[in-house]
Amino acid sequence: MLGICRGRRKFLAASLTVLFVPAITWIYLFAGNFEDGKPVSLSPLESQPHSPRYTASSQRERESLEVRMREVEEENRVLRKQLSLAQSHSPAHHRGNHSKTYSMEEGTGDSESLRAGIVAGNSSECGQQPAVEKCETIHVAIVCAGYNASRDVVTLVKSVLFHRRNPLHFHLIADAIAKQILATLFQTWMVPAVRIDFYDADELKSEVSWIPNKHYSGIYGLMKLVLTKTLPSNLERVIVLDTDITFATDIAELWAVFHKFKGQQVLGLVENQSDWYLGNLWKNHRPWPALGRGYNTGVILLLLDKLRKMKWEQMWRLTAERELMSMLSTSLADQDIFNAVIKQNPFLVYQLPCFWNVQLSDHTRSEQCYRDVSDLKVIHWNSPKKLRVKNKHVEFFRNLYLTFLEYDGNLLRRELFGCPSETDINSENLQKQLSELDEDDLCYEFRRERFTVHRTHLYFLHYEYEPASDNTDVTLVAQLSMDRLQMLEAICKHWEGPISLALYLSDAEAQQFLRYAQGSEVLMSRHNVGYHIVYKEGQFYPVNLLRNVAMKHISTPYMFLSDIDFLPMYGLYEYLRKSVIQLDLANTKKALIVPAFETLRYRLSFPKSKAELLSMLDMGTLFTFRYHVWTKGHAPTNFAKWRTATIPYRVEWEADFEPYVVVRKDCPEYDRRFVGFGWNKVAHIMELDAQEYEFTVLPNAYMIHMPHAPSFDITKFRSNKQYRICLKTLKEEFQQDMSRHYGFAALKYLTAENNS
C-alpha cells in the first residue's frame, strides 16, 4: 500500500512539474523581453536585427534566453517521457490499451508544433500525434513532361527516398517522353516498397487547353487542377509536388499533417513568400485575386474524397471562367486558379507552416521562414533561374540540392524492414537466377554481372529527330565512359546523322557530363543525339549491355555499330544511306563492313578521300587497325583487295573476326556474358554468321581509330591471369550455347577456334 502511495506521489510530482515549469519559464521570458516598457517579439518573422535598438547587449541577452528556452524544452521532453512511462505502468495500462508503432520518432511532434505556432500562427496540440503508421503507404502525385523535367523528378525522388521510412506510391502524370524515360528508370532502379503508376498527360490536355497560360510550364502547369478526376476514385488523399522540390526531411511528417485538417479544410498549402499577389510589383501589374499574399502550389495536400463530394471540378471551372473574362490568361498557371477559388472559399484551406515550402523565387521573403538548418523541410526552386536565383543562403540550398543530384541512387535500394513489399516478378526472377550461381566459382563475379540490373536513364538530354521518309536512315551506335567524353564533339563533326550513345557513369559523373554538354556549342546544336545513362554498378565495364541499350533506342531502320574511339570518314552517313539502297539491305540479311584503320598520332590531318588515305597508309601515317597486336580481328576484310576495289565485295567469316558493320535494327543483341575486355564483338559477329548474314565490304568507306591511354579493363586482362582464365571459360560456354541453338551449322566455330 505504501509503495502504491509513493508511486502516486511521484506521478503527481512529475505532472505538476510538466505543468508549472513551462508556465514559469514563459513568464520569465515574457518579462525579460520588454524594452522601454514595450514587448519585443521573439518571432523570427518580426525580429529586426538591423534596427537601431538592436544593440550587441540585447542580442547577447536574447541568445541567452533562447538557449535557456531550449534547455527547458529539453527538460520538459524528458519529463513527458517519464510521465508516459509512469502512465504505462499504471493499472489502466493493463486493461487492453495497446499502442501502435509509428514511423515518426517520439518527441518530434511537440517541437514541430511549437515552430508551427511561432512561424505560421497555426494552433498546435501538446503531445505526440500518432499520425502515420509504420507501414502506411504515402501517395505522391507529380506532373512531369519532357526531358528536363524527367531529370528534375529523379532528384526530387532521391531526396524523398533518402529520408523515407514508409512505402511510397508515386502517381506520375506524364507525357509520352517522360513516361518512356521514367518507366525504364524505375523498372531498372528496383527500389523496394515503391510503386509507380502513370497517367497519360496528353489525354488530359483537353481538360485545361481552354485556359490561356503565360507561365513557362505551359499546358502541363494546369494539370494539378484535374487530379480529382485523374487519380483513382478510391484514393482519398495525396501529396502533390512540383518537380523542382527538394525534401530535407521524412515525407511522412508532411503526410501526418492531414490529420490536422478540420471541418471543410481540403487543401493544405503554404502562404506565398513573395509580394506577387499583393500587386504593384511594376506598373500595370494585375495579379489574380488571392487571400492576402495568396498560396503557393508547389506543395499541396489534397483530400481527394472530400474535394469530389464538394464538386471541385465544377468549382474551379466556374471560377476560372469568371476570372478569365477580365484577366484573359493565367500568369502562374494552376496557382492563380487555386488562389481565386480560395479567395471565395477561405474555409477550404489549411495553412501549412512555411518551412514545408521554402520558396526560392525572385523577391522571396523565405528567409523569414527559418532560423536554423533544422527548421527546413522542403526547398522549392520556383524561379525560372533555378540554382542561379539570388538568396542570402542560396549556397547552402544549392549544396543540399547538389547532394541529392549527385547521390548514388543504388544506395537507395534499401528494404523497409517489417513492411511487406508487393511481389515483383522481375526481382524474384533475378534472385532465383543469382541463387543458382555458385559463389565458390572463381568466375562467379563474371557470371553475376550478366544478371546485374543497371539503373538506366534514357534520353538524358533533349532528343528530337524524325527519320528520313525514304527508309534509308542510319544511326551511329556507340558506348563510352567518362574518359572518352572528349570524342563526342569530333564524332558529331564527322557524322551529321542520328547518334545513339550509352554512357557508363556514376550519378556525379552524369552531372559532370551534363555540364560538359551544356557548355558545348557543338553538342547543344545537335538534337539528333540520344544520350542514355547506364549507372555504374559492380567491378566490370558492361560493354555489351551498353551496346544493347544504345541499339534498342534508335528510331531508324538501320544502324552503324561503331566504337567511340573511331572517327568516321566525312560524308559516311550519306554514303551508307546510298549503300543501303544499292545492296537492298531491307530485303537481305547483309552486314556491310566499314574498313577500320588507326593512327598513333594524337594530331592527325584527317584524310578527306580514299586516295588520301591510301597515301597516308603508304607513308606510315596510318595503319590497318590492330595489325601489329591483333591481326586476326580485321584480316578477313582483305585490305589488299580493298585498296583497288570499286564495287562492294563479299568476305567469309573467320575465327576472331570483329569488323564494324551496318545492319538492320532487328539484328541480334550482343551477348551480356562478355564484360570488360575480350570477345565482346567477336561473339556478336559469330552469331551474325550463324544466322546467315552475308558480310559485304564497302569499297569507299573507312573509319580511323584515334589513340588513347589503355582502358582499365585491358590492363586487368593483361595483368590478371584469373581474368584470362575466366574469359576462356566464358568463350567455351558461349560456343556450347551456339551449338545447342544452331545445331550442326555451329560446329565450324569450335573447329575454327581449335585451329586458331
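**Notebook: strands, a cavity and two arginines**

I started at a single pair: E598 stands opposite F623 in strand β21. I noted that this is a predicted model, in which local features need pLDDT of at least 70 and side-chain atom pairs count only at pLDDT 80 or more, while totals for chains, interfaces and linings use all residues. Residues are numbered from 1 along each chain as its sequence is written, and side-chain values use heavy atoms, with hydrogens and water left out.

**Entry 1: the four-stranded sheet**

I followed that pair outward. Strand β20 (residues 596-598) and β21 run antiparallel and are joined by two bridges. For my own reference, strands (E, at least two residues) and helices (H or I, at least four residues) are DSSP runs numbered from the N terminus, and two strands pair if DSSP finds at least two bridges between them. The open sheet here has four strands in the order β18-β25-β20-β21, with mixed pairing. Its edge strands, each pairing on one side only, are β18 (566-568) and β21 (623-624).

I then looked at P568, which is found in β18. Is P568 buried or exposed? P568 counts as buried, at 3% relative accessibility; buried means under 20% relative accessible area, exposed over 50%, and partly exposed in between, with a 1.4 Å probe and protein chains only. I listed the contacts of P568 (heavy atoms within 4.5 Å): leaving aside neighbours within four places in sequence, they are L476, H494, W495, F606, Y702 and M703. The C-alpha atoms of P568 and Y702 are separated by 6.5 Å, although the two residues are 134 apart along the chain.

**Entry 2: the nine-stranded sheet**

Next I read off an open sheet of nine strands, also of mixed pairing, in the order β13-β16-β15-β14-β17-β23-β19-β24-β22. β13 (456-457) and β22 (649-651) are its edge strands, each pairing on one side only. Inside that order, β17 and β23 pair in the antiparallel sense over three bridges. Which residue of β23 is the bridge partner of Y558? It is R664.

That made me stay with R664, in strand β23 (residues 661-664). R664 is buried, with a relative accessible area of 18%. A polar atom of the R664 side chain lies 3.3 Å from the backbone oxygen of L585. Not counting residues up to four places away in sequence, R664 touches P557, Y558, M559, L585, A586, N587, T588 and K589.

**Entry 3: helix α19**

I moved on to helix α19 (residues 572-582), where L572, Y573, Y575, L576, R577, S579 and V580 are buried. Where do these residues pack? The buried residues of α19 pack against β14 (474-481), β17 (558-561), β18, β19 (590-593) and β23. So I have strand β18 from Entry 1 and strand β23 from Entry 2 in one list, next to the helix.

R577 lies in this helix and counts as buried at 14% relative accessibility. Beyond residues up to four places away in sequence, R577 touches A468, D470, T472, D473 and V474. Just after α19, D584 takes a positive phi of about 50°.

**Entry 4: a covered strand**

Strand β9 (residues 295-303) caught my eye: nine of its nine residues are buried. Strand β6 (residues 237-241) runs antiparallel to β9 and is joined to it by five bridges, with L303 as the bridge partner of R237. Strand β8 (residues 267-271) is antiparallel to β9 too, over four bridges, and V270 stands opposite N296 there.

**Entry 5: cavities**

I searched the whole structure and found three cavities of 30 Å³ or more. A cavity is a set of points, on a 1 Å grid over the protein atoms alone, where a 1.4 Å probe fits but cannot get out, and lining residues have an atom within 4 Å of a point. Grid points are joined across faces, edges and corners, and a volume is the space filled by probe spheres set on the points.

The largest cavity has a volume of about 60 Å³. Its lining residues are R547, L561, S562, D563, P659, Y660, V661, Y670, K681, H684 and I685. Which helix gives the largest share of this lining? That is α22 (residues 680-690), with three residues. By type, the lining divides into six nonpolar, two polar and three charged residues. In that count Ala, Val, Leu, Ile, Met, Phe, Trp, Tyr, Cys and Pro are nonpolar, Asp, Glu, Lys and Arg are charged, and the others, Gly among them, are polar.

**Entry 6: totals**

Last, I noted the overall figures. The protein comes to 25 helices and 25 strands, and 51% of its 756 residues count as buried. Among contacts with a separation of 6 or more, 79% are between residues 24 or more positions apart.

Methods:
On a 1 Å grid over the protein atoms alone, a cavity is a set of points where a 1.4 Å probe fits but cannot get out, and a pocket is an open set with protein on both sides within 12 Å along at least five of seven lines; lining residues have an atom within 4 Å of a point. A polar contact is a pair of N or O atoms within 3.5 Å; within protein, one must be able to donate a hydrogen and the other to accept it, and residues adjacent in sequence count only if both atoms are side-chain atoms.
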